[in-house]
Amino acid sequence: MAGQTLVLGLGNTLLGDEGIGVHVVCYLKAVLPPVPNLVLLDGGTLGLELLPYIEEASRVVVVDCMCSGRPPGTVSVLRGREASEWQTYLAAAHDLGLPNVLALAHLRGWRPEELVVIGIEPLCLGPGLELSAEVAKGRDEAAIVVTNILSCWGIVHRERPKNLGEQQ
Amino acid sequence: MSQRIVLDPVTRIEGHLRIEADVDGGQIGEAWVSGTMFRGMEIVLRGRDPREAWLFTQRICGVCTTVHAIASVRAVEDALGVMIPPNARLMRNLIMASQLIQDHVVHFYALHALDWVDVSSALQADPSQTAALAQSISDWPSASSAYFAGVQQKVKSFVESGQPGFLASAYWGHPAYRLPPEANLMALAHYLEALDFQREFIKVHALLGGKNPHTQTFLVGGQSYPVDPNSQNALNADGLAFLRSKAQEAIDFVSRVYVPDLLAVASFYKDWAAIGGGVGNFLCYGDYPMDDSGDPASLLLPRGRIVGKDLGVVLPVDQSQIAEYATHSWYQYSGGDETALHPWRGETTPRYVGPKPPYEHLEVEGKYSWLKAPRYEDMPMEVGPLARMLVAYASGVPRVRELVEVVLKHLQVGPEALFSTLGRTAARGIETLFLCEQLNTWIDQLASNMANGDLRIHAGEKWDPQTWPAEAEGCGWHEAPRGALGHWVRIKDGEIANYQAVVPTTWNASPRDAKGQPGPYEAALVGTPIADSTRPIEILRTIHSFDPCIACAVHLLDGRDREISRLLIG
């Protein structure tokens, strides 16, 4: 294990708020300075291709769209057991979505020090390239949450970038 | 009295690919297949620059990432009359073939194997007998009893960790599993090895495509990755050596692991050579141009149709004969839903009239799918590896005939066995080996062009929209891993006026048409035996034999009830 930290944004950017995870990662790429051993990855709608990135990381933050019935833009953080249980929810098909890829990595011997899942409540999942206004605010908040987590892990050495949360 | 069973594999809430089947007397009487997601890509593209369409269409799918890019650039090149230079053709062939090889290996091991391989039984296997079995079918080096004991231990520890993930949900211990424990353990070990193979092999895309997935080197008119023996930032001698090493890895893994496993597993399931036949009509657009003539005769995998399982005649393919029905699909056609529209005149006006979720059953007498029903001369057609191998076999491609005959002989069955679930799965393996064997031909031609000073990668004469006619239409075909993929584009005043993609899974998973003819999945399920209607693994075997494109497009974490839905596109 190379001790890398992976921030993995998931989603389909052609379907409005569905792409929120990717938007968060692209935003972080724009505002965070380059940090050794920190990988900010646009995971798009991929499955198995993510396996090597996951296996090379000892700490993983997954950012994705999440429906929990809360107001659009709400940011939820799943940690510890909640985050690892998330791996088992998508269990039915022989599909290779991220939870199954995490399970496969586990089967192959991957044991992360940290796994955090950050979910952002969507408003609109219809065709379109833009985030809704509510979810765009959630993007900024999620970026702050990710930065704080990275800072707690000692990866980013300041509270947060100056313009974070202000930049459009 | 028949019983309606529902298989909505990923979620019971929104679904993606949903199957309803009437089971009577232990077998399926009738079946309906529904794609429960709306794509809408066509709407996104309208009004855009046709030269950038491929960047958008590539995002239709995250699994076979290159295929929609290739079909798109070909459609625009067809509309504008652009011929690409030889190096671009060769690099595209290498990108396409490596996508197909990687995708088929992943399909066999990660998506399909668990329909035939019982992981719970593998835990009971004797590692030394497993080693003996593995050594008897292949000279692959990882085959010692210590190796298999290690794999068994890994799986045990994983299961005991309480996070079994995808392994928790399968139908372990189902009576339809028939492999001895040692064969199960061997296949499981190779399942894990396939993960390493696929991630190493796809580095071909990182080299030729700039990155993987979603390669970035396509262009209308050719490719953007330079070919230059004197540059470090181009395909040079080092790059060619890298490609040769990857080609060798592919030949090794496919000929010494994948194909022997396929034959070993298939020999325990020969009854599946008589199940899952389907519509019996096959369509292949053909692919892998071997020269720059643009002549369909130059295609390595020939173009053609087979109708009514008749391997004696290969019929031609005329794109004007393709049309899509929306009679049973959640769309509205301005001229009436009973009509069929050619893709250039295609319409994408969603009209959902199905039940409000959650629902128990779809209204299969009316509209019941987000997939349209493509037809050729009003006939449903199966597409995919089986269609390609049948057309190549019937067209007399020598190496395909040879490989097909080796497999049939090994299984002691005749050519009629190809029209089945097992035939589909075998065709995929045959095709993978066939394409592995071609890789070096294209690498050698690239090397020879470079040696002769031909470094062209792009034909730029038609790049400027000023050179385009006011109106143009084109179609771009590609034989994607899952089958015949077509993009149709209409260009007006430099912009996309209409865009339609008819994807392989739409052909195969199509609903009924205006005449009530079932699509290939629906037809293939008829007559399938069902041992236990609460655990219909038999349905999965046949549906997975088509390799449905499931892991696409949309995924959504549901924090309320801990379900995640992943919705189907392709």
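**Close-up 1. Val383(B) and what it touches.** Once its neighbours within four places in sequence are set aside, Val383(B) is in contact with Leu283(B), Arg482(B), Gly483(B), Ala484(B), Pro504(B), Trp507(B) and Asn508(B). Bear in mind here, and in every view that follows, that this is a predicted model. Val383(B) sits in the loop between strand S12 (373-376) and helix H11 (385-395) of chain B. Loop residue or not, Val383(B) has a relative accessible area of 3%, so it counts as buried, the cut-off being under 20%. One of its partners is a long way off along the chain: Val383(B) and Asn508(B) are 125 residues apart in sequence, yet their C-alpha atoms are 6.5 Å apart in space.

**Close-up 2. Helix H12 of chain B and its buried side.** H12(B) runs over residues 398-411, and its 14 residues reach 20 Å from first C-alpha to last, close to the 20 Å expected at 1.5 Å a residue. Its buried residues are Val400(B), Leu403(B), Val404(B), Val407(B), Leu408(B) and Leu411(B). These cover an arc of only 135° around the axis, which puts them on the same side of H12(B). What lies over that buried set? The cover includes H10, H11 and helix H13 (421-436) of chain B. Turned away from the buried side is a face carrying the exposed residues Pro398(B) and Lys409(B). Just after the helix comes Gln412(B), with a positive phi near 55°.

**Close-up 3. Helix H7 of chain B, packed against both chains.** The 16 residues of H7(B), 145-160, should span 22 Å at 1.5 Å a residue, and the end C-alpha atoms are indeed 22 Å apart. Phe148(B), Val151(B), Gln152(B), Val155(B) and Phe158(B) are the buried residues of H7(B). Looking down the axis, they fall within an arc of 125°, so they line one face of the helix. They pack against helix H4 (98-107) of chain A, and also against helix H5 (119-122), helix H6 (127-137) and helix H8 (181-201) of chain B. Ala146(B) and Glu160(B) are exposed on the face of H7(B) turned away from the buried side.

**Close-up 4. H8 and H10 of chain B side by side.** Here the axes of H8(B) and helix H10 (residues 237-266) come within 11 Å and cross at roughly 155°. The two helices are therefore roughly antiparallel to each other. H8(B) passes H10(B) in a left-handed crossing. On the H8(B) side, the residues that meet H10(B) include Met186(B), His190(B), Phe197(B) and Phe201(B). Across from them, H10(B) contributes residues including Lys246(B), Phe253(B), Val257(B) and Asp261(B).

**Close-up 5. H4 and H14 of chain B.** Helix H4 (residues 86-112) and helix H14 (residues 439-451) of chain B pack at an angle of about 155°, with their axes 10 Å apart. That makes H4(B) roughly antiparallel to H14(B), and the crossing is left-handed. Among the H4(B) residues in the contact are Pro86(B), Arg89(B), Leu90(B), Met91(B), Leu94(B) and Ile101(B). H14(B) meets them with residues including Leu439(B), Trp442(B), Ile443(B) and Leu446(B).

**Close-up 6. Chain A from end to end.** Chain A has five helices and five strands, in the order β-α-β-α-β-β-α-α-β-α along the sequence. Of its 168 residues, 62% are buried. Among contacts between residues at least 6 apart in sequence, 79% join residues at least 24 apart.

Methods. Residues are numbered from 1 along each chain as its sequence is written. Chains are lettered from A and ligands numbered from 1 in the order in which they are written. This is a predicted model: local features need pLDDT of at least 70, side-chain atom pairs count only at pLDDT 80 or more; totals for chains, interfaces and linings use all residues. Side-chain values use heavy atoms; hydrogens and water are left out. Helices (H or I, at least four residues) and strands (E, at least two) are DSSP runs, numbered from the N terminus. The expected span of a helix is 1.5 Å times one less than its number of residues. Buried means under 20% relative accessible area, exposed over 50%, partly exposed in between (1.4 Å probe, protein chains only). The arc is that of the directions from the helix axis to the C-beta atoms. Contact means heavy atoms within 4.5 Å. Axes are lines fitted to C-alpha atoms, for helices over the stretch in contact, and angles run from 0 to 180 degrees between N-to-C directions. Angles under 35 degrees count as roughly parallel, over 145 as roughly antiparallel, 65 to 115 as roughly perpendicular and the rest as oblique. A crossing is left-handed if the near helix is turned anticlockwise from the far one by less than a right angle, and right-handed if clockwise.
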